[in-house]
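Thanks for sharing this one with me. Here are my notes, in numbered points, to read with the model open beside you.

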Amino acid sequence: MDHVPFMRENGIAAFAEADRSTGVIRVEKIGSLEYWSLFQELVLYSDADRLYESTGDEFPFRIWGQGEIGCLVSRITENLAAALFFNSELSGKAQIDWIEELDKKVRALYEGAD
């Protein structure tokens with residue numbers, strides 16, 4: 001799936017898709033981040049299971065951050081998770097509201113996925 005239009009529309013620098021059924025993490029990068037260490041920790045130095053499980057057990061998504069770098073990891077299906085990396089100057093409630101909306105948008109990309 002080509003995520004580039006979605007990424008451009010939503011200010012996403014990197015998009016990682018983790019498929020636990022195949023063990024594959026697919027990455028698309030169109031932008032730049034001030035720091036890549038969060039991306040490295042969650043994607044490059046990880047595997048599909050760990051990225052999927054990084055949301056924890058209680059929530060369908062989790063927010064990670066490092067300075068002005070943010071990451072939304074959303075559990076899409078039983079075996080699929082998406083991690084979206086972005087630069088953000090938002091904070092507090094404004095950032096939470098934006099990320100909740102972003103989670104809805106990324107889920108809409110996968111409607112009908114198994």
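1. A term to settle at the start: buried means under 20% relative accessible area, exposed means over 50%, and partly exposed lies in between, with a 1.4 Å probe and protein chains only as cover. By that yardstick Asn10 is buried, with a relative accessible area of 8%. Asn10 belongs to helix α1, where helices (H or I, at least four residues) and strands (E, at least two) are DSSP runs numbered from the N terminus. Leaving out residues up to four places away in sequence, Asn10 touches Trp98, Leu102 and Lys105; contact here means heavy atoms within 4.5 Å.

2. A word on what we are looking at. This is a predicted model, in which local features need pLDDT of at least 70 and side-chain atom pairs count only at pLDDT 80 or more, while totals for chains, interfaces and linings use all residues. Residues are numbered from 1 along each chain as its sequence is written, and side-chain values use heavy atoms, with hydrogens and water left out.

3. Now the overall layout. The chain has four helices and five strands, and from the N terminus on the elements run α-β-β-α-α-β-β-β-α. The radius of gyration is 13 Å, close to the 13 Å that the globule rule gives for 114 residues, so the chain is as compact as a globular protein of that length. That radius is taken over C-alpha atoms, and the rule is 2.2 Å times the number of residues to the power 0.38. Along the principal axes, the C-alpha atoms fill a box of roughly 35 × 30 × 30 Å.

4. Some totals for the chain. Of the 114 residues, 41% are buried. Among contacts with a separation of 6 or more, 52% are between residues 24 or more positions apart. The chain exposes about 6400 Å², and carbon and sulfur atoms supply 47% of that area; the areas come from the Shrake-Rupley method with a 1.4 Å probe, and for residues only the protein chains shown count as cover.

5. On to the strands, which count as paired if DSSP finds at least two bridges between them. β3 and β4 run antiparallel and are joined by six bridges, with Phe61 opposite Ser74 in β4. Two residues lie between these strands in their hairpin, where Gly67 takes a positive phi near 60°.

6. β5 deserves a look of its own. Seven bridges join β4 to β5, and the two strands run antiparallel; a hairpin connects them through four residues. Ser74 stands opposite Ala82 in β5. β5 is also antiparallel to β1, through six bridges, and there Ala18 faces Ala81 in β5. Seven of the eight residues of β5 are buried, which leaves the strand mostly covered.

7. Which residues of α2 are buried? They are Leu38, Phe39, Leu42 and Val43. These cover an arc of only 95° around the axis, which puts them on the same side of α2; the arc is that of the directions from the helix axis to the C-beta atoms. Glu41 and Leu44, on the other side of α2, are exposed. The buried residues pack against β1, β2 (24–29), α3 (48–53), β3, β4 and β5.

8. Two residues of α2 are worth clicking on. Leu42, in this helix of residues 37–44, counts as buried at 7% relative accessibility. Beyond four places in sequence, Leu42 touches Leu51, Ser54, Trp64, Cys71 and Phe85. Phe39 counts as buried at 8%, and with the same neighbours set aside Phe39 is in contact with Ala14, Val27, Leu44 and Phe85. The C-alpha atoms of Phe39 and Gln66 are separated by 10 Å, with their positions 27 residues apart along the chain.

9. Last, α4. Its 18 residues (92–109) should span 26 Å at 1.5 Å a residue, and the end C-alpha atoms are 26 Å apart, which agrees; the expected span is 1.5 Å times one less than the number of residues. Gln95, Ile99, Leu102, Asp103 and Val106 are the buried residues of α4. They cover an arc of only 110° around the axis, which puts them on the same side of α4. The face turned away from that side carries the exposed residues Lys93 and Lys104. The cover over the buried residues includes α1 (4–10), β1 (14–19), β3 (61–66), β4 (69–75) and β5 (80–87).
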